[in-house]
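Let's take a walk through a protein model together. Have the sequence and the 3D view ready, and follow along one piece at a time.

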Amino acid sequence: MRRIISATVLNESGVLNRLTGLLTKRQFNIENITVGHTEDPAVSKVTLTVWVEDDCKAEQLVKQLHKQINILKVRDLTNMALVSRELALIKVLTTPDTRSEIKMLIEPFRATVLDVSLENVTLEVTGDGEKIDALIELLRPYGIKEISRTGVTAIPRGTQKKVLELHPYSIM
Amino acid sequence: MKASWVAEKKSVETSLVSGAELFIQGLQDEKVEVLFGYPGGAVLPIYDALYKSEMKHVLTRHEQGAIHAAQGYARVTGKPGVVLATSGPGATNLVTGIADAMIDSIPLVIFTGQVATTVIGTDAFQEADIVGITMPITKHNYQVQRAEDLPRIMKEAFHIANTGRKGPVLIDIPKDVAVKTAEVKEVAGIHLPGYQPTLKPNILQVKRLNEALLQAKRPVLLTGAGVLAAGAEKELVAFAEYHQIPVAQTLLGLGGFPAEHPLCLGMAGMHGTYASNMALYDCDLLIGVGARFDDRLTGNLDHFAKKAVVAHIDIDPAEIGKNVPTEIPIVGCAKETLSALNQTRGNKGDYNEWVIQLTKHKTEFPLTYKTDESELKPQKLMQVLHEVTKGEAIVATDVGQHQMWAAQYYTFLESNRWITSGGLGTMGFGFPAAIGAKVGKPELPVIAVVGDGGFQMTLQELGVLQDWELPVIVVIVNNKSLGMVRQWQEIFYEKRFSHSLLDIQPDFIKLASAYGIDGKRAETEKDVREALTFALASKKPFVLDCVVTADENVYPMIAPGKGLHEMIGVRG
């Protein structure tokens, strides 16, 4: 299943290299990864989405990441109530006929037009991956020139439902 | 007038010192006794500071020799081995040793020179991205950007290397950083928020293991190098004796539990004893202590401890549940955890029948080999080594047949006598590791047991024996082949001995003599006894080239993909 792992790391050079190198070594394929500062400039947060077959392997991944000296905290957010967002920039081919049609199409997706030229428009859309996929499929018939996606970033919700089965790594 | 000017200049100098001097200071602060190294362009400032200091430095003849020597030193002393090499090829020559130390959890602090910060990234002369190269094979690594950071980084590195699950830490020092000056400041302490190894076990899990012991009928302990790293030998004996639990050992764990103890089953795994492997196969409670369930130990996981509740004590949480599903996970240092188990012990289970059964296995299916008076059997050779040294010697090996025979037949009575390349399986490891061991424990006899193949990978270190007159005894188990490769080709590749026979080889005795070292060729048991007795008494380096049965194989053996109960070559 797809897992969202969040790692709090020291903002030092080489940390990302170490993290991704570890995933390569243990044969995990990163679907997407986002990195940015947190409220503390010395600390960064890495959110990565990986495809992991079983829980045992997912546990290994979390533990191996946790072993790194400059990784402070690792959480598997997959089974938690969370808010996650991804941003995509999509450049779509337009003609004078289709331009307003596209504008109407994107409205329910709360996408906005960032740039317009004679042959194309560039759109910005934010949401979960499925929503972005749906918009891309909708726009495909018009001709997509370029897509740039940021990958998922996520944060657990303030209130977690008790009924959720969380996987605690309580042995540590 | 002139004198006061000199004095003034000196007082300024003492408050500002070079990176290289900070390096020496850092070593002294960590009470480092010896460096194993090899100089070169990028470390010239460091070697200059070394020249002016009292620090002992062993110049090996190759960087690989330096790092394996440091590994041997660390294994027998429990202190981190310290290595120094130059940039580029100096650093890359260390890579095998770093990987070896990583997989066998040997504490090392490795210093490499680097080109100056001003030219890093320009493919400068002797530049290699050693930090990038060693990232997956070090516990942690650093590149020092400013001389003033060096004391803190060194303090952290020694701490990281020798605590938690031990391992190699590399510090890359650009040449200009070693030259630039900085103020000498006391390092305030170690601040590593991302590194807090768990030493004390969770008491609830300890309780669960105590309960499981009461339920069990057929418990077995599997002990590894974690017992030795933690110095938990006494606690282990107390625990095993109180509950009367038989003990199987991993290759690296040999010596952690006395081999002649009635509860000791011997080594488990691919070439382990029948008693150990059957104990792991039949047990209903398996207690792993500081062992990582390596594939050479478990065989096919589908048949490994299938009837057992698995309890795993390890300092590294990532090892627990990695290969074997674990019901009772205990994160903690072996010493602390075994102490906690000993302190909370209560009622005992009754394992008498189980112990009797395993003891019967031990006597009915011991390690054996076909004796032949006309030839020197390699197994006999190991037994003779044990007899002549009374089991007191430190034995270091490479990888392969000779390693397995030493593990099976040397009979390790005490801890920290056994140095071998377990996880990585490095040829050429044993001889330089023995040099490091002799430097660390000069009072004990040290024997490098090497194959004729492996010895040729690092035999340039004979130069170190000559240089320091180190009384290391090199025992070449000479079967004129890469024995283990040959054995597998015989069994699994219909005797197609593809590039594994070394019929052409140097005269090792003449080679030793070129280094001013005594040597002898031994073809019989009597030759070995005589030469070894002479060598031990002489307190000088010695090379003993033992011509052993060329086509002897290591048994028992578990073929790849087979379970622990499917041993071949078990003879009653």
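Chain A is assigned domain 1 (2–76) and domain 2 (83–153), with bounds that come from an automatic or database domain assignment. Taken over C-alpha atoms, the centres of these two domains of chain A are 29 Å apart. Where they touch, domain 1 of chain A gives six residues and domain 2 of chain A gives five residues; a contact here means that the C-beta atoms of two residues, placed from the backbone, lie within 7 Å. On the domain 1 side, strand 2 (30–37) and strand 3 (43–51) of chain A each supply at least two residues. Strand 2 of chain A has the largest share, three residues. That side of domain 1 of chain A holds two nonpolar, four polar and no charged residues. In this sorting, Ala, Val, Leu, Ile, Met, Phe, Trp, Tyr, Cys and Pro are nonpolar, Asp, Glu, Lys and Arg are charged, and the others, Gly among them, are polar.

A word on what you are looking at: this is a predicted model, in which local features need pLDDT of at least 70, side-chain atom pairs count only at pLDDT 80 or more, and totals for chains, interfaces and linings use all residues. Residues are numbered from 1 along each chain as its sequence is written, while chains are lettered from A and ligands numbered from 1 in the order in which they are written.

Now find the open sheet of four strands in chain A, with the order 2-3-1-4 and antiparallel pairing. Strands are DSSP runs of E with at least two residues, helices are runs of H or I with at least four, and both are numbered from the N terminus. Two strands pair if DSSP finds at least two bridges between them. Why is one side of strand 2 and of strand 4 (71–76) of chain A left without a neighbour in the sheet? Both stand at the edges and each has a single partner strand, so nothing in the sheet pairs on the other side. Further in, strand 1 (residues 2–10) and strand 3 of chain A run antiparallel and are joined by nine bridges. In one of these pairings, Ser6(A) has Thr47(A) as its bridge partner in strand 3 of chain A. Helix 2 (residues 55–67) of chain A lies across strand 1, strand 3 and strand 4 of chain A, at about 165 degrees to strand 4 of chain A. Such angles run from 0 to 180 degrees between N-to-C directions, with axes fitted to C-alpha atoms, for helices over the stretch in contact.

Next, look at where the chains meet. Chain B brings 20 residues to the contact and chain A brings 18 residues. On the chain B side, helix 7 (130–134) and strand 14 of chain B give two or more residues. By class, this side of chain B has 12 nonpolar, seven polar and one charged residues.

Finally, step inside chain B. Is Leu381(B), in helix 17 (residues 378–389) of chain B, buried or exposed? Leu381(B) counts as buried because 26 C-beta neighbours lie inside 10 Å; the cut-off for buried is 20 or more other C-beta atoms within 10 Å, with 12 or fewer for exposed and partly exposed in between, using C-beta atoms placed from the backbone. Leaving aside neighbours within four places in sequence, Leu381(B) touches Leu376(B), Val477(B), Val528(B), Cys546(B) and Val548(B). Leu381(B) and Val528(B) are 147 residues apart in sequence, yet their C-alpha atoms are 7.5 Å apart in space.
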